Amino acid sequence: ADDWRSGGFDGVLGFSQGALMAALLCARLEERGEAPPKVMLLFNGFLTPLPSNPPLRWWRDLAPSSLRTPTLVVCGSADPVNAGGQAARLAALFATSRVHVVPNGAHAMPREEEDLAAISAFCRAALCGRAALGGGEVGAASAGEAGASPHPCRASLL
């Protein structure tokens, strides 16, 4: 959290266990009234198993849609970590979240153009303050629509 407070960051990205840690960071920042990320990308993350650590009880008690950071949760359809809908359960904590499922995707970062386009469109919308982020599942067809903005945006996505 100290690195976050130093500034210069627009978003947070986490993969697998790092996705859980990124979500915990965001929740803690919001809980403390500190500036949360403008966008969060969680890849192949999960909500459980949660540590049975009493200081993390606040995390277990978070209600659905209680966090406000725009969040894209990306998971592979063949990822064993997503068994039981872990990605959807993680996304449910965020009021403005979407789930993007990579067809036949394993426990790995997406590489296909359509998946990268969906990620880019979500980031652009979040960084440009677009209200069209909405909840639900995003696919390749809706990703192109989300990226089309009538307002100029100078978001650079590398």
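**View 1. Arg-68 meets Glu-30 in a salt bridge.** Arg-68 is partly exposed in this predicted model. Its relative accessible area is 48%. The side chain of Arg-68 reaches Glu-30, with N and O 3.6 Å apart. Glu-30 lies in helix H2 and Arg-68 in the loop between H3 and E3, so the salt bridge ties together parts that are 38 residues apart in sequence. Is Glu-30 buried or exposed? Glu-30 is buried, with a relative accessible area of 10%. The cut-off for buried is under 20%, so Glu-30 falls in that class.

**View 2. Arg-28 and Glu-31 pair inside helix H2.** These two residues form a salt bridge. Their closest N and O atoms are 2.4 Å apart. Both partners lie in helix H2, three residues apart. That spacing is about one turn of the helix. Arg-28 is partly exposed, at 24% relative accessible area. Glu-31 is partly exposed too, at 46% relative accessibility.

**View 3. Lys-38 and Asp-10 join two loops.** How many salt bridges does the model hold? The count comes to three. One of them is formed by the side chains of Lys-38 and Asp-10, at 3.4 Å from N to O. This pair links distant parts of the chain, 28 residues apart. Lys-38 sits in the loop between H2 and E2. Asp-10 sits in the loop between helix H1 (2-5) and E1. Lys-38 has a relative accessible area of 46%, so this residue counts as partly exposed. Asp-10 is partly exposed as well, with 40%.

**View 4. Four strands form an open sheet.** The strand order is E1-E2-E3-E4, and the pairing is parallel. Which strands stand at the edges? They are E1 and strand E4 (97-102). Each edge strand has a single partner, so one of its sides is left without a neighbour in the sheet. Neighbouring strands are turned by 15 degrees against each other on average, direction ignored. Strands of a sheet pair through backbone hydrogen bonds, either parallel or antiparallel.

**View 5. E1 runs parallel to E2.** Look at this one pair of strands. Five bridges join E1 to E2. Val-12 has its bridge partner in E2: Met-40. Met-40 also appears in the next view, among the residues with the most contacts inside the largest nonpolar core.

**View 6. The largest nonpolar core has 25 residues.** Which residues have the most contacts inside this core? They are Met-40, Leu-42, Trp-59, Leu-90, Leu-93 and Phe-94. Several helices and strands supply at least two residues each, including helix H2 (17-31), strand E2 (39-43) and helix H3 (57-60). Strand E3 (71-76) and helix H4 (86-91) do likewise. H2 gives the most, with eight residues. Apart from this core lies another, of ten residues. Among them are Val-39, Val-102, Ile-119 and Cys-123. In soluble globular proteins, nonpolar side chains tend to be buried together.

**View 7. Three residues make a nonpolar patch on the surface.** They are Leu-13, Phe-15 and Met-109. The patch covers about 260 Å². Where does Phe-15 lie? Phe-15 lies in strand E1 (residues 11-15). This residue counts as partly exposed, at 30% relative accessibility. Strand E1 is also an edge strand of the sheet, with a single partner strand.

Key
Residues numbered from 1 in each chain as written. Predicted model: local features only at pLDDT ≥ 70, side-chain atom pairs only at ≥ 80, totals over all residues. Heavy atoms only, no water. Patch = residues over 30% accessible without salt bridge, like charges linked within 9 Å, V, L, I, M, F, W, Y side chains within 5 Å. Areas by Shrake-Rupley, 256 points an atom, 1.4 Å probe, with all protein chains shown as cover. Salt bridge = Lys/Arg side-chain N within 4 Å of Asp/Glu carboxyl O. Buried < 20%, exposed > 50% of the residue type's maximum accessible area, 1.4 Å probe, protein only. Core = buried A, V, L, I, M, F, W, Y, C linked by side-chain atoms within 4.5 Å. Pairing = 2+ DSSP bridges. Axes fitted to C-alpha atoms, helices over the stretch in contact; angles between N-to-C directions.
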